[in-house]
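Visitor: Please show the structure under discussion. I should then like to put some questions about it.

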Amino acid sequence: MKTRIFFLSLFLFWSVACQSIETSIFSQENRLKSNTSYTLQYEKEISKKVLKVGPNLEISIGQFALESFDSLGSQFFHVRSYEERNLNAPLEPGSIVLTQVQVNRNLVFEEGTTKFQYATFASIVELVFVQNSGETFRILGQSKPMQLYQIPFGPEDRESEKTIAKSIRQAVEVGFKKIHLSKETTNSKSNHIMFQRPM
């Protein structure tokens, strides 16, 4: 009998703890999202952006960027639409535009030898955030360098594309977090210094 009561109490405690964690996560997500809805747009050229990694091999980094931009956007914002931006169209208030994606890579060898040590990949994206007031901010999202300890895109490589995709996703996430910072910071002057550029 005591054992049954113990397990029942343990189950109730576990249920309450899980519900509390779930509520906390939900509240955190709601804090990230604002009541304002945004249009997510991307420049047409993004979809064609590739990283050449060999004579006959290209990685579609633009597609990785678009996938992250779309999936992460709905986690951070109330998104009213997701669309390609028309060429030379004016920037719309209440929009976030993905304008650039770039992946930097570096191979490191032992000094004075051809013995490979590791490769690093780091991504950067450019977002243009247009507030409902029409104020425009240029946001750069940059990933941390990610390392691989085998020659990238070699016969045994299975990780390079995954690492690049992860790196781009991290850069987009950093950019979105900066947009939240630019919205929430009360010192608009510092925002202009950090993010704004003439458009």
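Visitor: Which residue in S4 does Glu43 stand opposite?
Guide: The model is a predicted one. In it, strand S1 covers residues 37-43, and S1 pairs with strand S4, residues 78-85, in the parallel sense. At Glu43, the residue standing opposite in S4 is Arg85.

Visitor: How many bridges join S1 to strand S5?
Guide: Strand S5 spans residues 95-109 and runs parallel to S1. One bridge partner of this kind is Ile96 in S5, which is matched with Leu40. S1 pairs with S4 over 7 bridges, while the number joining S1 to S5 is 4.

Visitor: Why is S1 described as largely enclosed by the rest of the structure?
Guide: The criterion for a buried residue is a relative accessible area under 20%. Gln41 in S1 meets this criterion, because its relative accessible area is 3%. S1 is largely enclosed because the buried residues among its 7 number 5.

Visitor: Which residues is Gln41 in contact with, leaving aside its neighbours within four places in sequence?
Guide: Gln41 lies in S1 and is buried. Leaving aside neighbours within four places in sequence, its contacts are Phe69, Glu83, Arg85, Glu92, Ser95, Ile96, Val97 and Leu98.

Visitor: What percentage of the contacts between residues at least 6 apart in sequence join residues at least 24 apart?
Guide: The chain has 4 helices and 8 strands, and their order along the sequence is α-β-β-β-α-β-β-β-β-β-α-α. Among contacts in the chain between residues at least 6 apart, the share that joins residues at least 24 apart is 68%.

Visitor: What is the angle between the planes of Phe76 and Phe77?
Guide: The structure holds 12 aromatic pairs. Phe76 and Phe77 form one that is tilted, with a centre-to-centre distance of 6.2 Å. Phe76 is buried at 4% relative accessibility, and Phe77 is buried at 1%. The angle between the planes of Phe76 and Phe77 is 40 degrees.

Visitor: Why is the pair of Phe109 and Phe116 edge-to-face or stacked?
Guide: A pair of aromatic rings is described by the distance of the centres and the angle of the planes. For Phe109 and Phe116, the centres are 5.8 Å apart and the planes stand at 75 degrees. Planes over 60 degrees apart count as edge-to-face, so with its angle of 75 degrees this pair is edge-to-face.

Visitor: Is Phe109 buried or partly exposed?
Guide: Its ring partner Phe116 is buried, at a relative accessible area of 17%. Phe109 has a relative accessible area of 39%. Buried requires a value under 20% and exposed a value over 50%, so Phe109 is partly exposed.

Visitor: Which residues form one aromatic cluster?
Guide: The cluster includes Phe76 and Phe77, which also form a tilted pair. The full membership is Tyr38, Tyr42, Phe69, Phe76, Phe77, Tyr82, Phe129, Phe137 and Phe176.

Visitor: Where is the place of Asn88?
Guide: Asn88 has a positive phi of about 65 degrees although it is not a glycine. Asn88 is also exposed, with a relative accessible area of 71%. Its place is the loop between S4 and S5.

Visitor: What value is the phi of Phe153 near?
Guide: Phe153 is found in the loop between strand S8 (146-148) and helix H3 (160-184). Its phi is positive in a residue other than glycine, and lies near 65 degrees.

Definitions and conventions:
Residues numbered from 1 in each chain as written. Predicted model: local features only at pLDDT ≥ 70, side-chain atom pairs only at ≥ 80, totals over all residues. Heavy atoms only, no water. Helix = DSSP H or I, 4+ residues; strand = E, 2+ residues; numbered from the N terminus. Contact = heavy atoms within 4.5 Å. Buried < 20%, exposed > 50% of the residue type's maximum accessible area, 1.4 Å probe, protein only. Pairing = 2+ DSSP bridges. Phe/Tyr/Trp six-rings, centres within 6.5 Å; stacked < 30°, edge-to-face > 60°.
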